[in-house]
Amino acid sequence: MDNSYHIKKKVFSGLFWKFGERITAQLISLIVSVILARILSPEDYGAVAIVMVFIALANVFVSSGFGNALIQKKEADNLDFSSVFYINILLSLFLYFILFFLSPIIAEFYDMPVLSPALRVLGIRIIVAAVNSVQQAYVSRNMLFKRFFWSTLFGTLLSGIVGIFMAYQGFGIWALVAQYLTNTCTDTIVLWITVRWRPDFKCSWERAKKLLAYGWKLLASGLLDTGYRQLRTLIIGKKYTSSDLAYYNQGDKYPNLIVVNINTSISSVLFPAMSQYQDNKEKVKQMTRRAIQVSSYIMWPLMFGLSVVAEPLIKIILTEKWLPCVPYLRIFCFTYGVWPVHTANLQAINALGRSDLFLKLEIIKKGIGIIALVISMQISPLAMAYSLIITDIISIFVNATPNTRLIQYHYLEQAKDLFLPLFLALFMAIIVYPISFLALPDIFIIVLQVVTGTVVYLGESLLFRYSAFYYLISFIKKKQK
């Protein structure tokens, strides 16, 4: 009983600090990105987007497999962490040198000479991420999420200042390169100062192999997921124009900012907490349900609301040169809305030690997604975005299937937990949308829609006495105490 209370207390504290970290960091990032988007051109953003594909793929190797294995292992000691630390460093150096020598070929393939030096400089981020991934595993395992708050805050602030300064000085694409690299380096340095963990001068290949037995499946899943999601960037960058790619990515950016913050906050706390209950499947089910209910309740109104105010919002914050990203933004609002059910189901599977199932699910989903991608890429970048709606709906059922058996969390229960807040948010959007036709300045339209939407949604929550609403109220009161 005492252990259960202790874990629950850590979960509440973890969620508080993780939400604080993500909200603070992304508020700063949003301000910085708006300033940079006004200064820089869509072509600059398109070029960096291609570079980031290769960095993201390399980062999977040093962050996805071993890190989750360290969190999931029941008794992980400093030898485990030290072994992963040194192996990650060697692996990251190997990956960096591969990218270093391939960068001219990549630049020639896309007919963008600037890609070669940009990739070589930003590739340093892979080596820094190798250190950071072990730090994050240690902090997550011990649920010391307050450390994340400070490291992310300093990293985001400093990188934003560097990026804006360089953009105003006319550095173009290099302003974005410097911003990304400064962020990762600062984050890692602050964690090194604030977290007590240090690697021993020991490395056990036997320990690493045991961790890899669990982690390689997550690594393969991470590569599949990252490669699949970045494939659209590579195709649009090659088949269409860098401006098309910039509009696609900018449309993805704003719903992504909202959803990833909520999703990352919940999943980073949920996984270590679930792992401690991995022998109690009923408890894992309760935590999975609560995660889906609460995150869906928060996420759907934000997504529908953002979709409704998309056009005037983009005109105000990014200027009219970015208006072609509005259709993409509205599509991504829906695709990100279903993320809570993906995340909670997959974290439950991981926490139960079934990384084999996790990998199988990824193979099935990506196979379906690639078929949709091959068809849609022949039409237009917008068709490629629409194909994500189809694949994400199918993925709901794919991800939910194992947990109908593992934790007895059946389809009807999941549908109720996911779609009830969806319908509440949809009704709110229907009420709010006509306001956009009023003959008022864009800023007043947005304010009126936000206020009306908030009142309508909270009113619906009270009328239907929705449990997630009262759970959040209880959570806030406990944190105030």
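Q: A helix here is a DSSP run of H or I with at least four residues, numbered from the N terminus. With that in mind, what does R465 do just after α18?
A: This is a predicted model, and in it R465 takes a positive phi of about 50° right after α18.

Q: How do you know what span to expect for α18?
A: The expected span is 1.5 Å times one less than the number of residues. α18 has 22 residues, which gives 32 Å, and its first and last C-alphas are 31 Å apart, close to that value.

Q: What makes the buried residues of α18 line one face of the helix?
A: The buried ones are I445, I446, Q449, G453, V456, Y457, E460 and S461. Looking down the axis, they fall within an arc of 130°, so they line one face. Turned away from that side are the exposed residues F444 and V455.

Q: Why is V455 called exposed?
A: The cut-off for exposed is over 50%, and V455 has a relative accessible area of 56%, so it counts as exposed. V455 sits in α18, which covers residues 442–463. V455 also joins L438, L440, I443, F444, V447, L448 and V451 in a nonpolar surface patch, with about 710 Å² of accessible area together.

Q: Why do C185 and C325 get their labels, buried or partly exposed?
A: Buried means under 20%. C325 is at 0%, so it is buried. C185 is at 25%, between the 20% and 50% limits, so it counts as partly exposed.

Q: How many disulfides does a search of the whole structure find?
A: It finds 0, meaning no pair of cysteine sulfur atoms lies within 2.5 Å.

Note on methods:
Residues are numbered from 1 along each chain as its sequence is written. This is a predicted model: local features need pLDDT of at least 70, side-chain atom pairs count only at pLDDT 80 or more; totals for chains, interfaces and linings use all residues. Side-chain values use heavy atoms; hydrogens and water are left out. Patches are made of residues with over 30% relative accessible area and no salt bridge: like charges are joined within 9 Å, nonpolar side chains (Val, Leu, Ile, Met, Phe, Trp, Tyr) within 5 Å. Accessible areas come from the Shrake-Rupley method with a 1.4 Å probe; for residues, only the protein chains shown count as cover. A salt bridge is a side-chain nitrogen of Lys or Arg within 4 Å of a carboxyl oxygen of Asp or Glu. Helices (H or I, at least four residues) and strands (E, at least two) are DSSP runs, numbered from the N terminus. Buried means under 20% relative accessible area, exposed over 50%, partly exposed in between (1.4 Å probe, protein chains only). The arc is that of the directions from the helix axis to the C-beta atoms.
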